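Let's take a look at where small molecules sit inside a protein. Have the 3D view open and follow along.

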Amino acid sequence: MNTKVKNICCIGAGYVGGPSMAVIADKCSNIVVNVVDINIERIELWNSEDLENLPIYEPGLSSIIERCRNRNLFFTTNIEESIASADMIFISVNTPTKKKGLGAGKASDLKWVDASARQIARYAQGHTIVVEKSTLPIKTAQTIKEILAVEKEDLINKSMKNKTFDILSNPEFLSEGTAINDLENPDRILIGGENKKAIEELINIYSSWVNKEKILTTNLWSSELSKLIANAFLAQRISSINSISALCEKTGANIQEVSIAIGTDKRIGREFLNAGPGFGGSCFKKDISNLVYICDHYGLYEVSKYWEKVIDINNWQQKRISKIIIDRLFGTIAQKKIGILGFSFKANTNDTRESPAISICKELIEEGANLSIYDPKVSKSQIEKDMGQLSVKEISFLKGEGMWSFSQSIEESAYCSDAIVILSEWEEFRYINWKEISKIMRSPSWLFDTRLVSNINRDLSFGIKVWEIGCG
Ligand code: NAD
Ligand code: UGA
């Protein structure tokens with residue numbers, strides 16, 4: 001590697017900053033990587049001796065952390081020093097949907113990006129390459145440039161050191177649950193920028209382990225926009241297949257068979273065509289909402305309406321599932337016990353942001369059900385944050401309201417339950433011994449499999465009635 005970059009700082013030690021910097025540190029042992037965050041607790045967890053206790057669960061991550069941490073990978077709250085010593089700074093902060101003000105509910109909230117740019121302007125020294133790694137609305141690089149210029153002017157007026165910047169866009173395409181593999185073997189690396197030298201420096205880093213043919217360079221705006229559009233297209237596939245799952249249920253077709261039948265056409269492709277309870281995760285909804293906002297801003301109302309429908313179908317799918325559960329349980333689930341298997345937004349992650357489990361569980365509780373929630377990696381305290389109410393142990397039974405409790409195992413969740421609902425596709429749910437489970441459930445018992453992962457045989461289901469998504 002013949003890069004001049006010897007020291008990297010990453011602002012944001014989250015689901016992107018943590019794993020992506022761990023992989024850079026692992027592959028480029030001659031570069032020092034400092035990952036900084038304002039969240040002290042998060043940094044402490046990244047530095048935890050107990051590798052089972054890292055702030056995010058991601059297969060393969062802990063062994064990289066073990067190898068690189070305190071060698072050339074450091075997690076710290078010392079933002080000022082880390083910025084000052086960096087030749088290249090990645091901005092990997094959160095960019096959620098705005099909750100209030102102009103564009104609330106659609107536009108991305110860029111206050112953390114804005115704050116990062118101001119910190120960089122203040123503390124950077126000499127020449128620094130600033131890399132947008134967060135997913136950002138098109139033209140954000142312009143805003144960052146302006147912030148850097150204005151802040152720099154202010155500092156020069158105060159006779160502080162001269163400094164210069166280049167800005168690159170380098171969006172991240174990893175998926176949670178497969179992040180390490182995605183980072184180590186990416187389909188492509190996308191770099192947008194104006195200055196060839198700066199682009200070359202970033203190419204040099206990635207080419208330590210990524211074939212150069214996979215490194216695409218574009219102008220800044222194509223790079224920023226491509227990230228939003230990639231997520232919109234992926235989410236669109238899920239809304240498309242989910243909409244057809246409902247039609248399969250009405251007609252006797254089978255969504256898995258339809259998926260395979262259409263996916264074998266290589267123009268369509270087999271991947272990312274699994275029907276489910278609706279897409280979750282921190283990005284699809286926010287990125288499409290942002291796209292809708294941008295299209296409206298440019299007066300492209302037909303385009304914005306088109307993409308908005310992808311979100312509408314997703315909301316509808318989640319509601320549809322709660323309604324089916326209630327209908328099948330004779331129209332009432334008050335005081336019935338329902339075992340929930342899987343609370344994360346997908347398998348192999350402890351992330352619950354926008355998980356369909358949250359809205360589905362809330363609706364079931366609203367109808368009076370007592371839920372017993374089991375997830376292999378999501379903690380009780382996280383479920384407490386998401387459900388916004390106390391678990392069954394802290395709340396009075398006498399109120400007659402639905403409630404939830406935390407289960408340590410599949411069996412505990414299933415015990416005395418009238419129904420089991422599978423909401424994320426964890427591997428262990430594929431191998432459930434339904435014969436044994438049927439003995440501890442209350443009859444008539446139901447299985448609602450929203451992920452098509454159960455190995456239950458509908459014709460030999462030990463008395464359990466089975467509903468599977470997209471199966472007529
Ligand atoms: P996250 O919330 O897990 O992490 C962001 C971190 O940035 C937080 O820990 C926060 O405390 C920190 N932060 C915010 N402002 C800061 C500041 N001024 N100084 C220091 N630290 C600061 O978010 P994430 O999931 O890692 O996502 C980050 C960005 O990457 C988003 O734009 C997201 O859209 C994008 N992205 C996410 C994924 C994913 O799978 N999660 C994949 C690709 C892209
Ligand atoms: C997604 C994209 O896949 C990444 O490329 C992108 O970098 C990332 O968003 C981002 O920008 O944050 P992620 O949200 O981690 O990654 O996970 P996905 O595997 O895309 O799943 C998203 C949701 O769609 C999950 O709820 C998942 O269960 C659901 N899904 C996915 C389906 O219902 N069916 C499928 O076939 C695939």
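Here is a tour of two ligands and a cavity.

First, the ground rules: this is a predicted model, where local features need pLDDT of at least 70, side-chain atom pairs count only at pLDDT 80 or more, and totals for chains, interfaces and linings use all residues. Residues are numbered from 1 along each chain as its sequence is written, chains are lettered from A and ligands numbered from 1 in the order in which they are written, and side-chain values use heavy atoms, with hydrogens and water left out.

**Ligand 1**

Start with ligand 1, which has 27 residues around it (a residue counts as near if one of its heavy atoms lies within 4 Å). D37, R42, T95, E176 and K286 come nearest. Sorted by class, this shell has nine nonpolar, eleven polar and seven charged residues. Here Ala, Val, Leu, Ile, Met, Phe, Trp, Tyr, Cys and Pro are called nonpolar, Asp, Glu, Lys and Arg charged, and the others, Gly among them, polar. Helix α5 (residues 111–123) gives the most to the shell, three residues; helices are DSSP runs (H or I, at least four residues), numbered from the N terminus.

**Ligand 2**

Ligand 2 is surrounded by 19 residues, with L174, E176, C283, K346 and R451 the closest. Its shell splits into ten nonpolar, four polar and five charged residues. The largest share of that shell, four residues, comes from α9.

**Polar contacts**

Which atoms pair up with the ligands' oxygen atoms? The table lists some polar contacts, meaning pairs of N or O atoms within 3.5 Å.

| Residue | Part of residue | Partner | Distance |
|---|---|---|---|
| V16 | backbone | oxygen of ligand 1 | 2.9 Å |
| K286 | side chain | oxygen of ligand 1 | 2.6 Å |
| R353 | side chain | oxygen of ligand 1 | 2.9 Å |
| K227 | side chain | oxygen of ligand 2 | 2.8 Å |
| L273 | backbone | oxygen of ligand 2 | 3.3 Å |
| K346 | side chain | oxygen of ligand 2 | 2.8 Å |

On its own, ligand 2 exposes 690 Å², and the protein buries 91% of that. For ligand 1, the protein covers 93% of its 830 Å² of accessible area (Shrake-Rupley method, 1.4 Å probe).

**The cavity**

The structure also holds one cavity of 30 Å³ or more: on a 1 Å grid over the protein atoms alone, that's a set of points where a 1.4 Å probe fits but cannot get out. K227 turns up again in its lining, alongside residues including E132, S169 and P171; lining residues have an atom within 4 Å of a point. Helix α9 (residues 220–251) supplies the largest share of this lining, three residues.

Definitions and conventions. On a 1 Å grid over the protein atoms alone, a cavity is a set of points where a 1.4 Å probe fits but cannot get out, and a pocket is an open set with protein on both sides within 12 Å along at least five of seven lines; lining residues have an atom within 4 Å of a point. Grid points are joined across faces, edges and corners, and a volume is the space filled by probe spheres set on the points. Helices (H or I, at least four residues) and strands (E, at least two) are DSSP runs, numbered from the N terminus. A polar contact is a pair of N or O atoms within 3.5 Å; within protein, one must be able to donate a hydrogen and the other to accept it, and residues adjacent in sequence count only if both atoms are side-chain atoms.
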